[in-house]
Amino acid sequence: MIYLDNAATTWPKPESVYREMDRFFRLSAANPGRSGHRMALAAEQAIERTRLALARLFNIADPNRIAFACNATDALNTALKGLLRPGDHVVTSSVEHNSVLRPLKGLEKRGVTVTKVAASPAGWIDPNAIARAIGPETRMIVTTHVSNVTGTIEPVAAIGALARQRNLLYLVDGAQSAGTLPIDLAALPVDLFAFTGHKGLFGPPGTGGLCIGERVAMKDFSTLREGGTGTRSEEELQPSELPQRFEAGTPNTVGIVGLGAGVEFLVDRGVANVREQETLLMDRLAAGLRKISALTVYGPEAAQERGAVVSFNVAGWRPADLGTILDQRFAVACRTGLHCAPEAAKTIGAFPLGTVRLSLSIFNTAEEIDLVLGYVKQIAGSPPL
Ligand SMILES: Cc1ncc(COP(=O)(O)O)c(C=O)c1O
């Protein structure tokens, strides 16, 4: 199997992720922060170790500003529904994932207004277009960091600078960037950064989190869930301190330990090195695809301008058929269709059938890329199903 569906979830994970999850689950998986016995304390320490590793990865001075969540979707819902009120206006883009678009659609029913700025056909969000969409009621800008359809790396520094100038909150969907691009949240003008654990961070599914910057006032940030935290149990209301405010209920300890092992693997390797390796592979893949006639390759030309994702179509072929042949005849795993981002498909002219998406991790090799290029060429040269 050649696995090129890493934007959906990375596979394989580093050995240390499997090993640490197994070890922790067998030996230390008590309920953290609840009981005072040694196993509960060990579980709590393991959770805090992951938080610390994430803080190091994203350069966040206070690890408590990272609240664990089930995935990026959960973190994005927490930020959007916790901070936006009737009458507020939000600016977003046409290349967002449904994990942004659907909560915003729901919020529209509750009196929030939304402007969706059209990205370019290569999937690029223009900060000037965002600036033009800002009005007196605008409270927040929300954009993706890397498009999961075109792979385009968005100008988050410029958009964040604009948000600061206009005194707006900036929420970034880092589902495709965390672990694949070096990210310095001390330097980036981003107030809320949502990440998922199971993609570039090499953790298991069911993990993720929200990084909450100091410009976000806790008094304005309501919770989606309230419950046990193991702290301030005598109080009726959810504690206001981070991270407990957003961590009600028993956490996914085993998953968070696996996430910690994934992040430590990345920190050891250096995300800049990972990025360099993936850029070389992506350059080989995207440039190779562009050489095949009958192919439309979406997104930016330069590998430096895209994450580890490339989408394409073959004239006359339905993307789903192409994916089936890649899987069944050639044992290549990819994703086809709309990738949960229908507006992005409209932006690039690939709606309603979507695209074939190939996405990399550092566990892919140049040999695999060359094989896949050969398979795609073979399919493109044959009559559509
Ligand atoms: C850009 C983007 N945002 C959000 C998500 C949602 O991530 P999760 O399913 O882990 O919540 C994804 C997942 O594919 C994504 O690609």
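Visitor: Which residues come nearest to the ligand?

Guide: A residue counts as near if one of its heavy atoms lies within 4 Å of the molecule. Here 13 residues surround the ligand, and Thr73, Asp173, Thr196, His198 and Lys199 come nearest. Keep in mind that this is a predicted model, where local features need pLDDT of at least 70 and side-chain atom pairs need 80 or more, while totals for chains, interfaces and linings use all residues. Residues are numbered from 1 along each chain as its sequence is written, and side-chain values use heavy atoms, with hydrogens and water left out.

Visitor: How many residues of each class are in the shell around the ligand?

Guide: First the sorting: Ala, Val, Leu, Ile, Met, Phe, Trp, Tyr, Cys and Pro are nonpolar, Asp, Glu, Lys and Arg are charged, and the others, Gly among them, are polar. On that count, the shell holds nine polar, two nonpolar and two charged residues.

Visitor: Which polar side-chain atom lies 2.6 Å from an oxygen atom of the ligand?

Guide: For a polar contact, look for a pair of N or O atoms within 3.5 Å; within protein, one must be able to donate a hydrogen and the other to accept it, and residues adjacent in sequence count only if both atoms are side-chain atoms. The 2.6 Å case belongs to Lys199. His198 has a polar side-chain atom 2.7 Å from a ligand oxygen, and for Gln176 the distance from a side-chain N or O atom to a ligand oxygen is 2.8 Å. On its own the ligand has 390 Å² of accessible area (Shrake-Rupley method, 1.4 Å probe), and the protein covers 90% of that.

Visitor: On to the sheets. In what order do the seven strands stand?

Guide: Strands (E, at least two residues) and helices (H or I, at least four) are DSSP runs numbered from the N terminus, and two strands pair if DSSP finds at least two bridges between them. The seven make an open, mixed sheet ordered β2-β8-β7-β6-β5-β3-β4. β2 (66-69) and β4 (113-117) each have a single partner strand, so one side of each lacks a neighbour in the sheet. From one strand to the next, the twist averages 20° (axes are lines fitted to C-alpha atoms, for helices over the stretch in contact, and angles run from 0 to 180 degrees between N-to-C directions).

Visitor: How many bridges join β3 to β4?

Guide: Five, with β3 (residues 89-93) and β4 running parallel; Val90 has Val114 as its bridge partner in β4. Helix α4 (residues 98-108) lies across β3, β4, β5 (138-144) and β6 (169-173), at about 155° to β3 (contact here means heavy atoms within 4.5 Å).

Visitor: And in the sheet of four strands, which strands are at the edges?

Guide: That open antiparallel sheet runs β9-β10-β13-β12, with β9 (295-297) and β12 (335-337) each pairing on one side only. Its twist averages 30° from one strand to the next. Four bridges link β10 (residues 309-314) and β13 (residues 355-359), with Val310 partnered by Leu358. Helix α9 (residues 319-328) lies across β10, β12 and β13, at about 40° to β13.

Visitor: Where is the peptide bond with omega near -5°?

Guide: Most residues other than glycine have a negative phi, and most peptide bonds are trans. The bond from Trp11 to Pro12 is cis, with omega near -5°, and Pro12 sits in the loop between β1 (2-3) and α1 (15-27). Leu242 and Pro243 are also joined by a cis bond, omega about 0°. As for phi, Asn167 is not a glycine, yet has a positive value of about 60°; Asn167 is in the loop between α6 (156-165) and β6.
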